[in-house]
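Visitor: Please take me through the interior of this protein in detail. I should like one connected account rather than a list of features.

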Amino acid sequence: MLEKIDSLKAAIETLSAANKEEVEALRIKYLSKKGEISLLFNDFRTVPNEQKKEIGQKLNELKNLATEKINSLRETVEEKQSDSNNLDLTRTASPLRLGKRHPISLVREEIISIFSRLGFTIAEGPEVEDDWHVFSSLNFAADHPARDMQDTFFIQRNPDVLLRTHTSSVQSRVMTSTEPPIRIICPGRVYRNEAISARAHCFFHQVEALYIDKNVSFADLKQTLLYFAREMFGKDTEIRLRPSYFPFTEPSAEMDISCHICGGKGCAFCKHTGWVEILGCGMVDPNVLDACGIDSKKYSGYALGMGIERITNLKYRVKDLRMFSENDVRFLDEFEAVH
């Protein structure tokens with residue numbers, strides 16, 4: 001019997017289990033009424049009296065060893081089961097780096113925030129547009145160069161369906177569906193058939209603003225432009241308006257700001273003029289108002305538009321426009337502190 005006890009002791013010390021079912025099977029095998037240890041206790045009656053003390057002591061030690069081993073296995077299995085229940089299987093196997101806001105998004109939100117403080121609301125429209133909303137409603141003549149295939153992406157060679165070349169199409173949609181007063185800002189992506197280089201791209205981002213009401217004047221436009229320039233580039237910023245031409249505004253102007261790098265003294269960035277162009281603007285042409293169903297004798301308004309990439313370049317001096325669309329994390333990491 002001593003050999004059987006020593007054999008079972010060695011076997012019990014090496015026991016292992018992967019789940020609760022295996023632990024229960026081991027308990028039944030060794031500790032149940034018909035288990036191997038219980039059978040040894042049944043055979044204990046046949047042991048000579050002079051050996052009962054020694055064998056009885058070893059049987060008790062064997063039973064205690066088996067009980068402690070099986071209880072230990074049960075606790076280990078239950079702990080593993082608890083950990084697996086708390087495991088989030090949807091998590092990635094390796095940690096992910098936190099992303100950064102894109103500089104275009106940062107500047108876009110800043111522009112929207114400035115105009116929202118003036119009461120402008122956001123208006124959006126489709127990027128795939130028709131000729132009327134992009135050109136005809138905005139006083140573009142049939143032979144205007146902007147309609148040329150070299151400047152515009154047309155869809156399946158259909159002259160009436162195209163990728164919008166400016167977000168002014170959103171303005172025309174709002175004017176045809178909304179009664180004045182209208183005070184909107186139109187951010188969005190636009191497309192033009194241009195060669196991609198450090199200074200140009202076939203797609204870019206614009207923000208345009210439109211205000212239509214009774215007795216809106218050029219003075220209102222100028223004050224809005226001055227407020228925007230100083231909120232965006234600093235309180236000491238000055239503006240300059242130069243006469244220009246746009247089909248949908250009359251009179252029209254280009255707006256320059258005093259160079260915020262040299263303070264207007266002249267540097268390489270402003271080409272030693274002290275001024276940097278940032279946007280175009282003007283009073284909405286009466287033909288545009290009439291085409292969109294607004295009485296031009298009763299209402300007037302102004303419009304302005306700027307490229308977000310242009311404003312971003314002025315704020316952060318990014319020399320190559322292509323960097324905005326390449327998603328190079330080394331470039332994006334430079335804007336981490338701007339968030």
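Guide: A cavity is here a set of grid points where a 1.4 Å probe fits but cannot get out. In this predicted model, the structure holds 1 cavity of 30 Å³ or more. The space in the largest cavity comes to about 60 Å³. The residues lining the largest cavity are Leu138, Gln171, Met175, Leu210, Phe248, Thr249, Val284, Val288 and Ala303.

Two of these lining residues, Leu138 and Phe248, lead to a further residue, Ser168. Ser168 belongs to helix H7, which covers residues 168–177. Its relative accessibility is 1%, and Ser168 therefore counts as buried. Once neighbours within four places in sequence are set aside, the contacts of Ser168 are Leu138, Phe248 and Glu208.

The nonpolar cores widen the view. The largest of them has 45 residues. Those with the most contacts inside this core are Ile111, Phe115, Phe228, Ile257, Ile278, Leu304 and Met306. At least two residues of this core come from each of helix H5 (103–116), helix H8 (218–233), helix H10 (308–316) and helix H12 (329–332), and likewise from each of strand S6 (203–213), strand S8 (249–258), strand S9 (275–284) and strand S10 (300–307). Ile111 illustrates the packing: beyond residues up to four places away in sequence, Ile111 touches Ile185, Val207, Phe228, Met232, Met306 and Ile311. Another core, of 23 residues, lies apart from the one that holds Ile111, and Leu162, Val170, Ile212 and Val288 are among its members. Val288 also lines the largest cavity.

The sheet comes next. Strands of a sheet pair through backbone hydrogen bonds, in either the parallel or the antiparallel sense. Here 7 strands form an open sheet with mixed pairing, in the order S1-S5-S6-S10-S9-S8-S7. Its edge strands, each of which pairs on one side only, are S1 (121–122) and S7 (239–246).

Consider the pairings in turn from the S1 end. S1 and S5 run parallel and are paired over 2 bridges; Thr121 has Ile184, in S5, as its bridge partner. S5 and S6 are antiparallel and are joined by 10 bridges; there, Arg189 has His205, in S6, as its bridge partner. Of the 10 residues of S5, 8 are buried, so S5 is largely enclosed by the rest of the structure. Further along the sheet, S9 and S10 pair in the antiparallel sense over 5 bridges. Cys281 has Leu304, in S10, as its bridge partner. Helix H5 packs on this sheet, where it touches S1, S5 (182–191), S6 and S10. The direction of H5 makes about 165° with that of S5.

H5, S5 and S6 also take part in an open feature, the second largest pocket. This pocket has a volume of about 280 Å³. Its lining consists of 17 residues, and those closest to the pocket centre are His102, Ile104, Phe203, His205 and Glu309. H5, S5, S6, H10 and helix H11 (323–326) are the elements that give two or more residues to this lining. His205 thus has two roles in this account: bridge partner of Arg189 and one of the residues closest to the centre of the second largest pocket.

Several backbone details complete the description. The peptide bond from Pro180 to Pro181 is cis, with omega near 10°; Pro181 is in the loop between H7 and S5. A cis peptide bond also links Glu250 to Pro251, with omega near 0°; Pro251 lies in strand S8. Two residues other than glycine have a positive phi. For His272, phi is near 60°, and this residue sits in the loop between S8 and S9. With a relative accessible area of 60%, His272 is exposed, whereas Ser168 is buried. For Asn327, phi is near 55°, and this residue lies in the loop between H11 and H12.

Key:
Residues are numbered from 1 along each chain as its sequence is written. This is a predicted model: local features need pLDDT of at least 70, side-chain atom pairs count only at pLDDT 80 or more; totals for chains, interfaces and linings use all residues. Side-chain values use heavy atoms; hydrogens and water are left out. A nonpolar core is a set of buried Ala, Val, Leu, Ile, Met, Phe, Trp, Tyr and Cys residues joined through side-chain atoms within 4.5 Å. Buried means under 20% relative accessible area, exposed over 50%, partly exposed in between (1.4 Å probe, protein chains only). Helices (H or I, at least four residues) and strands (E, at least two) are DSSP runs, numbered from the N terminus. Contact means heavy atoms within 4.5 Å. Two strands pair if DSSP finds at least two bridges between them. Axes are lines fitted to C-alpha atoms, for helices over the stretch in contact, and angles run from 0 to 180 degrees between N-to-C directions. On a 1 Å grid over the protein atoms alone, a cavity is a set of points where a 1.4 Å probe fits but cannot get out, and a pocket is an open set with protein on both sides within 12 Å along at least five of seven lines; lining residues have an atom within 4 Å of a point. Grid points are joined across faces, edges and corners, and a volume is the space filled by probe spheres set on the points.
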